[in-house]
Amino acid sequence: MSVLELYEYPHPILEQKAESVLKVDADIQKFLDDMLETMYASRGVGLAAPQVGVSKRIIVIDAEQKEVDGEYRQGNPMYLVNPEIVYKSEETILFCEGCLSVPKQSADVERHYAIKVRYLDYNGKAQEIEAEDYLAVVLQHEIDHLDGILYIDRISRLKRNMLLKKLEKYRQGLK
Ligand code: NI
C-alpha cells in the first residue's frame, strides 16, 4: 500500500464530475487500499478519489477511527464505488465540516439528516446503507466531491470569501 499525493483547492480536478467505475477489479481494489492508507495518514474521516487526482466515483470513509497513543487506528473502514444517494430526509442538520483539500479550515454546512446510499463494495457487490447524523454528513461531503462540489460551495459567498482568505494566510505561513 502507498500514501497518495493530496490535491488541494483550487486544483481543477476537484471541480470535475468524476467518471463511474465499470468494474471493481484488482486495480480498483489496490487503489481502494491506497486511498484508505492515505486517509489514515492524513487523519481524514473520508477521502474521495478526485482528492488524490483520480476522477473516478470512489470514496473511502471511516467515521469510527480511534486515536491510540497518538496513532490513528481503523474503526470501521468503508469502501464505496459509484455511490448514489437514493433517499434524503427533509430534516437537515448543521455540522462543522473540514476537508483535506482545504487544509486547516472549517465551516458549518447544512446537510440532510438521514440518507440512503446505494454503492458497490470492495468486492464489487451491490450494497445499500442507511445513514444518519454524523455518518450521513460524511457520506454527503464525500459524494459531493464526485460531482465537483466542495463544502465551501455550500456556504454563503461572504463566509466562503473569509475562509479562502484564511486559507491564503495559512499557506503563506507555510512558506
Ligand atoms: Ni472533503
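## The E8–E9 hairpin

Let's start with a hairpin: strands E8 and E9 make one, with five residues between them. Look for glycine 124 in the turn, where phi is positive at about 80°. Keep in mind as you look around that this is a predicted model.

The two arms, E8 (residues 114–120) and E9 (residues 126–132), pair in the antiparallel sense, and seven bridges connect them. For a handy landmark, find lysine 116, which sits opposite glutamate 130 in E9.

## E8's other partner

E8 also pairs with strand E5, which covers residues 78–88. These two run antiparallel as well, joined by five bridges. Here you can use lysine 88 to get your bearings: it stands opposite isoleucine 115 in E8.

While you're following these strands, one general point helps: side chains in a regular strand alternate between the two faces of the sheet.

## An aromatic pair

Now for the rings. The structure has two aromatic pairs. One of them brings together phenylalanine 95 and tyrosine 134, with 5.4 Å from centre to centre. Their planes are 35° apart, and the pair counts as tilted. This pair links distant parts of the chain: phenylalanine 95 belongs to strand E6 (residues 92–99) and tyrosine 134 to helix H2 (residues 133–146), 39 residues apart.

How accessible are these two residues? Phenylalanine 95 has a relative accessible area of 26%, so it is partly exposed. Tyrosine 134 also counts as partly exposed, because its relative accessibility is 30%, and partly exposed runs from 20% to 50%.

Notes. Residues numbered from 1 in each chain as written. Predicted model: local features only at pLDDT ≥ 70, side-chain atom pairs only at ≥ 80, totals over all residues. Heavy atoms only, no water. Pairing = 2+ DSSP bridges. Helix = DSSP H or I, 4+ residues; strand = E, 2+ residues; numbered from the N terminus. Phe/Tyr/Trp six-rings, centres within 6.5 Å; stacked < 30°, edge-to-face > 60°. Buried < 20%, exposed > 50% of the residue type's maximum accessible area, 1.4 Å probe, protein only.
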